[in-house]
Amino acid sequence: MEAASPETVGSGRPEPVLLTEPVDGVPPVVETPAALDAAAEALAAGTGPVAVDTERASGYRYSQRAYLVQLRREGSGTVLVDPIALKGALDPLVPALADTEWVLHAASQDLPCLAELDLHPSRLFDTELAGRLAGFDRVSLGALVERMLGYRLEKGHSAADWSRRPLPEDWLVYAALDVELLVALRDEMHAELERQDKLDWAFEEFEAVRNAEPAPPRAEPWRRTSGIHKVRSPRQLAAVRALWQARDEFARERDIAPGRVLPDSSIVLAAQANPKSEGDLVAMPVFGGRQQRRRASMWLQALRAARGLTNEELPAASTPNEGPPPTNRWSDRDPAAAARLTAARAALNEIAEEHSLPVENLLLPDLVRRTCWTPPEDCDVPAVTELLRAKGAREWQITLTAEALSKALHATPPEDS
């Protein structure tokens, strides 16, 4: 689909064209092996890049699996695939999409669930990341489609429960529209990045996203319970941990989002109150509901287990910090490191502004902090280049930042500090 020719409104700004229906209509959902074979054959016969998107049910389900996969390719049209009905067996799509550039928006969100289906791109174009590198303030799919193509997408159902079956027709319209313009947007973003001499940077970034390893599991994920800062004692922290683990096991077994089993706020409240009987527990907010009454024995068992721990078995008040301390403490703890960080931030902000880039895309803030806190023994440009490369910085980032960062690492505190 080509860019729209919107009418001009009174303000002089073009009015984007509202897109409410896919140009070819909504195709039937692919739910059988025979239909999948036909869809794969059609996709293989298409030309050019393939637009790819997925719909998950993160707020409803424990898993991050894809409940719908959307694809669109020139000459093939749009394909909507139900991986649940097909029991995750999407094998015919693998050869159909081989050696084809995939176009996704915010690819890092979709690639893990596509990998679960054994779908891996050999080449990638990420329109959201392209927008960031182009220096655009708003990089949502809707914002980029409106800016680059002159269309407006209706606000849809991204936060809906996509595990629901059958999927409502208006949800399928939304899903189809998500890939309707992706390839056209890719072409416009490609041209924009080329105009800004950033196309090579973008392809380095796309490859980094495509080859990124899954994040390792957190050592103590229960410590991310919202509101845990209100819990002071190790014994109460043990109660939070026990309730969190009981909830997580229950949610995982039933594939329910943990927050729908028990809110974080209720975990913190129960850890603080430490109820010892079912009556005490169900008298508390949330726990008095019908579902929570049925689970009361599970929560009480978790709380009893936490009370029964020895002092040696209690969790530490805080996790050991493997990285630098919070930056607001650097001036007191290490004035030289604080001076290095101040100089590095100033230099990187200047480079980012010069190239119309978000500074966090120029160099990861965590990498900058760690480098300034524990610089290499020799802070010359070759040493900094080697360090950045070892930590995963891309070549374009190193080219832009190594010299400035090397200079910043030689900064010293003011005389009176």
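User: Which side chain of opposite charge is nearest to R295, and how far away is it?
Analyst: That is E253, 11 Å away. R295 is buried (under 20% relative accessible area, 1.4 Å probe, protein chains only), yet R295 has no salt bridge, meaning a side-chain nitrogen of Lys or Arg within 4 Å of a carboxyl oxygen of Asp or Glu.

User: Is this a predicted model or not, and what's the numbering?
Analyst: It's predicted, with local features needing pLDDT of at least 70 and side-chain atom pairs pLDDT 80 or more, while totals for chains, interfaces and linings use all residues. Residues count from 1 along each chain as its sequence is written, and side-chain values use heavy atoms, without hydrogens or water.

User: Where is R295, and what does R295 contact?
Analyst: R295 sits in the loop between α13 (290-294) and α14 (296-307); helices here are DSSP runs of H or I, at least four residues, numbered from the N terminus. Beyond neighbours within four places in sequence, R295 contacts F250, R260 and V261, with contact being heavy atoms within 4.5 Å.

User: Switching to D178: which helix is D178 in?
Analyst: Helix α6 holds D178.

User: Buried or exposed?
Analyst: D178 counts as buried because its relative accessibility is 11%.

User: What does D178 touch?
Analyst: Leaving out residues up to four places away in sequence, D178 touches D53, E55, Q70 and L141. So two acidic residues, D53 and E55, are among the partners of D178.

User: How far is the C-alpha of D178 from that of V79?
Analyst: Those C-alpha atoms are 12 Å apart, though 99 residues separate D178 and V79 along the chain.

Conventions: Helices (H or I, at least four residues) and strands (E, at least two) are DSSP runs, numbered from the N terminus. Buried means under 20% relative accessible area, exposed over 50%, partly exposed in between (1.4 Å probe, protein chains only).
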